[in-house]
Amino acid sequence: MAKSADTQIYQVNIPLTIDKADILKRIKRLGNSTRNEKMAARLEQITGEIAEKALAVAHPRAVYRVSAARVIDRGTVEIDGVRFTSRSLSRCLEDQSVVYPFLATAGRELDEMPTSPGDLMMQYTLDTIKMVILFSAAEYLTDYIKEKHSLHGTAALNPGEFADFPVTQQKPLFELFGDSAESLIGVTITSGCALKPTKSRSGILFPNETGFLSCKLCTLVKCPGRRAAYDPAEVEKYITAD
């Protein structure tokens, strides 16, 4: 069994900022509804109102560990004694002995914000705001870990991104945090491996100087968080090649 590099669980409170212009831009990408000037004006008004309410209640936060990693074989990795099954994770951690498992969330407070059940525009706007807050929280956490632990390049894999690292890998990741996931940041996992609150993310951050991006292994074209195009050559390198 791999010996843990650090048994402490670190909690990080995420500074909250909301760029209303960015949120509005994301929403307008949806379709043709905003071509109507009246509809566009209402959308802008709703975005401003919900963003203000979100700023008042949102509490994004995260936890992470500094963990010992050991590649057992081409498809199995052990992190602080907990086993993960993934060829891509095994390949990514070939030369790494320390990794940073994490959980980040936009927070329960946003899920408790009231919305009109029949107002689809309001509901979608709030969902987009929660998504943007989660993305920002994950980015802040990455920068925080890099600075605190003197890392340069990093990369991450998130359970559920693609078939080789499925959502079921949330379970062993949660084992690393135990009750702290809920007690410190309010995140729980369902029997189907979904995270609650819904705008939460788990992952394994690791040192990487190659510019690796997990998006290149993902076939979901219309992902709002996509940072790079799907790349069959990367799939061959990290997943299918022996």
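This is a short talk on a predicted model, covering its helices, its largest pocket and a few residues in strands and loops.

Okay, thanks everyone. Keep in mind throughout that we're looking at a predicted model. I'll begin with helices, go on to the pocket, and finish with some individual residues.

So, helix α2, which runs over residues 37–57. How far should its 21 residues span at 1.5 Å a residue? The expected figure is 30 Å, and the end C-alpha atoms sit 31 Å apart, so the two agree. Now look at what's buried there: Ala-40, Leu-43, Ile-46, Thr-47, Ile-50, Ala-51 and Ala-54. Those residues take up an arc of only 135° around the axis, which means they are on the same side of α2. Turn to the other side of α2 and you meet exposed residues, namely Glu-37, Lys-38, Lys-53 and Ala-56.

Next up is α1, residues 20–28. Which residues of α1 are buried? Those are Ile-23, Leu-24 and Ile-27. If you look down the axis of α1, the buried residues fall within an arc of 100°, so they line one face of the helix. On the face of α1 turned away from that buried side, you'll find Ala-21 and Lys-25, both exposed.

And then α8, residues 232–240. Here the buried set is Glu-234, Val-235, Tyr-238 and Ile-239, so yes, there's a glutamate in that list. The arc they cover around the axis is only 100°, and that puts them on the same side of α8. Pro-232 and Ala-233 are the exposed residues on the face of α8 turned away from the buried side.

Right, on to the pocket. The largest pocket comes out with a volume of about 1200 Å³. There are 41 residues lining the largest pocket, and the closest to its centre are Phe-135, Asn-158, Glu-161, Arg-201 and Gly-225. If you want to follow along on the screen, color those five and you'll have the middle of the pocket marked.

Where does the lining come from? Four elements, α1, α5, β7 and β10, each supply at least two residues of it. For finding them, α5 is 120–148, β7 is 154–157 and β10 is 200–207. Which element gives the most to the lining of the largest pocket? That's α5, with 11 residues. As for the chemistry of the lining, the residues split into 20 nonpolar, 12 polar and 9 charged.

Now for some individual residues, and I'd like to take Ser-67 and Asp-80 together. Ser-67 is in strand β3, residues 67–73, and with a relative accessible area of 0% it's buried. Which side chain does the side chain of Ser-67 make a polar contact with? It's that of Asp-80, at 2.8 Å. Asp-80 itself is in the loop between β4 (76–79) and β5 (82–85). Because its relative accessibility is 12%, and the cut-off for buried is under 20%, Asp-80 counts as buried too. There's a backbone point as well: Asp-80 has a positive phi of about 50°, although it isn't a glycine.

Cys-193 is another non-glycine with a positive phi, in this case about 75°. You'll find Cys-193 in the loop between β8 (188–189) and β9, and at 2% relative accessibility it counts as buried.

Moving along the chain, we get to a cis peptide bond, from Lys-196 to Pro-197, with omega near 0°. Pro-197 sits in the loop between β9 (195–196) and β10.

Then there's Cys-223, in the loop between β10 and α8. Is Cys-223 buried or partly exposed? It counts as partly exposed, since its relative accessibility is 30%. Cys-223 and Val-71 are 152 residues apart in sequence, and their C-alpha atoms are 30 Å apart in space.

Set beside that, Phe-84 and Ala-41 are 43 residues apart along the chain, with 49 Å between their C-alpha atoms. Phe-84 is part of strand β5, and it is buried, at 0% relative accessible area.

That's what I have. Happy to go back to any of these on the screen.

Note on methods: Residues numbered from 1 in each chain as written. Predicted model: local features only at pLDDT ≥ 70, side-chain atom pairs only at ≥ 80, totals over all residues. Heavy atoms only, no water. Buried < 20%, exposed > 50% of the residue type's maximum accessible area, 1.4 Å probe, protein only. Polar contact = N/O pair within 3.5 Å; in protein donor to acceptor, adjacent residues only side chain to side chain. 1 Å grid on protein atoms, 1.4 Å probe; cavity = no way out; pocket = protein on both sides within 12 Å on 5 of 7 lines; lining within 4 Å. Points joined across faces, edges and corners; volume = space filled by probe spheres on them. Nonpolar A, V, L, I, M, F, W, Y, C, P; charged D, E, K, R; others polar. Expected span 1.5 Å × (residues − 1). Arc of directions from axis to C-beta.
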